[in-house]
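Me: I would like to go through this structure with you, a few points at a time. Please keep the answers plain.

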Amino acid sequence: GSAMGNAGSTTPRVVLHTVPQLALGAKYAKRDAVQMILNWQEDGSPLALSPDTFKEVMGLSQQGDLAPALFAAFDTDNNQKVDVFEVLAASVMLSRGDLDAKVEMLLPVFDFAGAGSLTMDEVQILLHGVFRGVGKVCGLPPTSDADLMQACRQMFDSHNLPYQGKSITKEQVKRWLKSDIEASQYLDAIQQAIVLSEARAELHRREQEQVAVFAEVEAGSGGGAVAEALRKSSALRKSLGSPSDQVFRDFVGALAPDQGRSGGGSSTIARGRFQEAVRAWNAFAVLDAAGNGALRSKELRNLLWLTQKLDQRAPSAGYVEDRMEDLKLAEPDWMSLREWMTFVLSGTGIH
């Protein structure tokens, strides 16, 4: 088993939508996050930040209105002090840049002895900073101290290092973060964060293009778009991201509910149903950027979030669980595009 409990396998990709999340997500690791670490060191590397030192370290003196909202995200016990390691770790991890660069940046912050490597205690403070800091800003379930301690032990065990008197190198930490299943999935969830407003704008753009194609096919077939005409439309296929023949045929087939009886060739497809289908298709495509045709089933929350009406709130855990049961996945950890489309178009889908 993994040390992180199931933190990775249950955490869907982070969706940035609150003011603090968007502020940190808009920063660049190599420019802004590096600058924060320098600001902190110039301030004498304090362990706790007051609202004023927080503003200085974060470089927010010019953005007076943003500082209190960001500070409050970290100051969950309202004592007007925040843990600098949570602040720096969350700022680095949520910024734009590749994971290796972020780890390179963070490790020296926790190398208190300047040894070029980390002791067990230092690794624990690092993991605590990352999990608690990102967790607070992104509203993720908290990881217990016992789980974090267990992760440190596993990191040392994986390199056959004793817990006392030995330290772990940067490269060894990086290797463990990539090889431990839960840790790597957790970091992926952060690393592949999506900005809700950007994703929504992209979905809207795709849907408009697809609906325009649908309207042309509809006009060409005189009242109602006929399945056969959609199947022949190269413009439609292109607007869906040029899927394979089989996947495209499945898509049009799923649109025609009576295909079993009439062969589906001449059945007419209503515009509302088409819109529902492309909305579901596009949400899957945005999350499945690699085009694998499958997503980890934990991404169901994000699929539902991207396909629901425009209010910003995430679907509740209970709602997601109920939909997961309705889905009846063949493989509990994975959801295929076909399973998702069938679910949405079967009527049990999204309400």
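Me: Which residue forms a salt bridge with Asp-32?

Reply: Arg-31 does. In this predicted model, the closest N and O atoms of Arg-31 and Asp-32 are 3.0 Å apart.

Me: And is Asp-32 buried or exposed?

Reply: Asp-32 counts as buried because its relative accessibility is 18%, and the cut-off for burial is under 20%. Its partner Arg-31 is exposed, with a relative accessible area of 54%.

Me: How many salt bridges are there in total?

Reply: The count comes to 18. Another of them joins Lys-170 and Glu-104, with the closest N and O atoms 3.0 Å apart.

Me: Where do Lys-170 and Glu-104 lie?

Reply: Lys-170 lies in helix H10, which covers residues 170-179, and Glu-104 is in helix H7, so the salt bridge ties together parts that are 66 residues apart in sequence. Lys-170 is partly exposed at 29% relative accessibility, and Glu-104 is partly exposed as well, at 30%.

Me: Which residues are linked with Glu-104 and Lys-170 in a network?

Reply: Glu-171 and Lys-174 are linked with them in a network of salt bridges.

Me: What about Glu-228 and Arg-231, where do they lie?

Reply: Both are in helix H13 (residues 227-231), three residues apart, which is about one turn of the helix. Their side chains meet in a salt bridge, at 3.2 Å from N to O. Glu-228 is partly exposed at 30% relative accessibility, and Arg-231 is partly exposed at 23%.

Me: Why does a spacing of three places suit a helix?

Reply: An α-helix has 3.6 residues a turn, so residues three or four places apart point the same way.

Me: How many positive and negative side chains does the chain have?

Reply: The protein chain has 36 positive and 44 negative side chains. The centres of the two sets lie 6 Å apart.

Me: Changing topic: how many aromatic pairs are there?

Reply: A search of the whole structure finds 10. One of them is formed by Phe-85 and Phe-110, whose rings are 5.0 Å apart, centre to centre, with 40° between the planes, a tilted arrangement. Phe-85 lies in helix H6 (residues 84-94) and Phe-110 in helix H7 (residues 99-110), so this pair ties together parts that are 25 residues apart in sequence.

Me: Are those two buried or exposed?

Reply: Phe-85 and Phe-110 are both buried. They also belong to one aromatic cluster with Trp-40 and Phe-112.

Me: Let us turn to helix H20. Which of its residues are buried?

Reply: In H20 (residues 337-345), the buried residues are Leu-337, Trp-340, Met-341, Phe-343, Val-344 and Leu-345.

Me: What do they pack against?

Reply: The buried residues of H20 pack against four helices, H15 (245-255), H17 (271-287), H18 (300-307) and H19 (317-327), and against strand E10 (334-336).

Me: Glu-207 next. Where is it?

Reply: Glu-207 is in helix H12, residues 196-220. This glutamate counts as buried, at 12% relative accessibility. Leaving aside neighbours within four places in sequence, Glu-207 is in contact with Gln-275, Val-278, Arg-279 and Asn-282.

Me: And what is Gln-124 in contact with, leaving aside its neighbours within four places in sequence?

Reply: Gln-124 is in contact with Met-149 and Cys-152. Gln-124 is found in helix H8 (residues 120-138) and is partly exposed, with a relative accessible area of 25%.

Me: How far is Gln-124 from Glu-202 in space?

Reply: The two are 40 Å apart, C-alpha to C-alpha, and 78 residues apart in sequence.

Me: Finally, the whole chain. What does its secondary structure come to?

Reply: The secondary structure comes to 20 helices and 10 strands. The C-alpha trace spans about 75 × 50 × 35 Å along its principal axes.

Me: And what share of the residues count as buried?

Reply: Of the 351 residues, 47% count as buried. The accessible surface comes to about 16600 Å², of which 51% belongs to carbon and sulfur atoms.

Me: One last item: among contacts between residues at least 6 apart in sequence, what share join residues at least 24 apart?

Reply: For the protein chain, the share is 65%.

Terms used. Residues numbered from 1 in each chain as written. Predicted model: local features only at pLDDT ≥ 70, side-chain atom pairs only at ≥ 80, totals over all residues. Heavy atoms only, no water. Phe/Tyr/Trp six-rings, centres within 6.5 Å; stacked < 30°, edge-to-face > 60°. Helix = DSSP H or I, 4+ residues; strand = E, 2+ residues; numbered from the N terminus. Buried < 20%, exposed > 50% of the residue type's maximum accessible area, 1.4 Å probe, protein only. Contact = heavy atoms within 4.5 Å. Areas by Shrake-Rupley, 256 points an atom, 1.4 Å probe, with all protein chains shown as cover. Lys, Arg positive; Asp, Glu negative; His and termini not counted. Charge placed at Lys NZ, Arg CZ, Asp CG, Glu CD. Salt bridge = Lys/Arg side-chain N within 4 Å of Asp/Glu carboxyl O.
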